[in-house]
Amino acid sequence: MNSDSDLQIAGDILEVLHLLAPAREHPSTVAEFAGLARSIAADRAQWAPLVEYDATTRWYHRLRTGPGYEVWLLSWVPGQASGAHDHGTSSGVLTVLQGELTERNDRGVRTLGTGAQYVSAPGHVHEVVNDALEPAVSLHIYFPGLTEMPMYEAAVPTSAAVPTPAVQASVTTRRDVSTA
């Protein structure tokens with residue numbers, strides 16, 4: 001008998017399903033959004049047939065939406081870049097599904113290979129570039145869903161970067177091909 005309690009559990013606690021918290025249909029924490037990105041990344045059959053490459057602009061496809069979030073699939077041919085930007089009030093999880101991307105921000109430069117993942121807070125100014133010789137594919141989850149994407153003049157963003165109002169982009173200008 002446990003001296004801290006008179007309660008003892010006999011058998012497998014996982015068999016007592018009515019006592020367990022129900023699985024969530026949609027993520028609600030940073031860890032759950034990162035887990036969602038990893039599960040999508042692991043299911044190549046779900047995303048690979050949708051990927052297209054466009055030599056003139058980055059290609060993107062809204063893969064999924066849920067209450068308060070959206071999932072985007074992007075492809076990058078060598079040399080394509082996002083430009084310095086932030087995601088307004090949205091947080092994000094970026095996962096490299098294939099290839100290699102470079103992220104530049106006020107802390108420096110880092111290379112992200114296949115499987116690399118990072119979380120960005122609202123207002124995080126950065127630029128993502130495909131500096132490699134092969135195409136790349138990335139998955140982006142924004143929570144709440146992306147409503148603005150201010151662009152900045154600085155090629156490599158710094159904490160003192162100033163938004164360029166004339167160049168501010170809105171996600172409503174993106175090609176939206178949702179498969180929900």
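Is Glu103 buried or exposed? Keep that in mind as you open the viewer, and we will get to the answer at the third stop.

**Before you start**

This is a predicted model, in which local features need pLDDT of at least 70 and side-chain atom pairs count only at pLDDT 80 or more, while totals for chains, interfaces and linings use all residues. Residues are numbered from 1 along each chain as its sequence is written, and side-chain values use heavy atoms, with hydrogens and water left out.

**Stop 1: the whole chain**

Show the chain as a cartoon. You should find two helices and eight strands; here helices (H or I, at least four residues) and strands (E, at least two) are DSSP runs, numbered from the N terminus. Followed from the N terminus, the elements come in the order α-α-β-β-β-β-β-β-β-β. Of the 180 residues, 40% count as buried. Buried means under 20% relative accessible area, exposed means over 50%, and partly exposed is in between, with a 1.4 Å probe and protein chains only. Now think about contacts (heavy atoms within 4.5 Å). Among those in the chain with a separation of 6 or more, 69% join residues 24 or more positions apart.

**Stop 2: helix α1**

Select residues 30-42, which make up helix α1. The expected span of a helix is 1.5 Å times one less than its number of residues. For the 13 residues of α1 that gives 18 Å, and the end C-alpha atoms are 18 Å apart, which agrees.

Next, color Phe33, Ala34, Leu36, Ala37 and Ile40, which are buried. Look down the axis of α1: these buried residues fall within an arc of 155 degrees, so they line one face of the helix. The arc is taken from the directions that run from the helix axis to the C-beta atoms. On the face turned away from the buried side, find the exposed residues Ala31 and Ala42. What covers the buried residues of α1? The cover includes α2 (44-47), β1 (59-66), β2 (69-76), β3 (91-98), β6 (117-120) and β8.

**Stop 3: a three-strand sheet**

Select β5, β4 and β7, which form an open sheet in that order, with antiparallel pairing. The edge strands are β5 (108-113) and β7, each pairing on one side only. From one strand to the next, the twist averages 20 degrees; the axes are lines fitted to C-alpha atoms, for helices over the stretch in contact, and angles run from 0 to 180 degrees between N-to-C directions. Two strands pair if DSSP finds at least two bridges between them, and six bridges join β4 to β5. To see one of them, pick Thr102, whose bridge partner in β5 is Thr111.

Now for the opening question: Glu103 is buried, at 0% relative accessibility. Show its side chain and that of Arg110, since the two form a salt bridge with the closest N and O atoms 2.7 Å apart. Arg110 is partly exposed, at 36%.

**Stop 4: the other salt bridges**

The structure holds three salt bridges. Each is a side-chain nitrogen of Lys or Arg within 4 Å of a carboxyl oxygen of Asp or Glu. Go to Arg104 and Asp131, where the closest N and O atoms are 2.9 Å apart. Arg104 lies in strand β4 (residues 100-105) and Asp131 in the loop between β7 (126-129) and β8 (136-143), so the pair ties together parts that are 27 residues apart in sequence. Asp131 is partly exposed, at 44%. Then move to Glu70 and Arg62, with a closest N and O distance of 3.3 Å. Glu70 is buried at 7%, and Arg62 is also buried, at 17%.

**Stop 5: β3 and β6**

Select β3 and β6, which pair in the antiparallel sense over four bridges. Gly92 stands opposite Ser120 in β6. In a regular strand the side chains alternate between the two faces of the sheet. Turn β6 to see its covered face, Tyr118 and Ser120, and its uncovered one, Gln117 and Val119.

Stay in β3 for Val96, which is buried at 1% relative accessibility. Where is Gly115? Val96 and Gly115 are 19 residues apart in sequence and 5.4 Å apart in space, C-alpha to C-alpha.

**Last stop: Gln80**

Finish at Gln80, in the loop between β2 and β3. Gln80 counts as buried, at 9% relative accessibility. Beyond residues up to four places away in sequence, Gln80 touches several others, including Asp54, Arg58, Ser75 and Val128.
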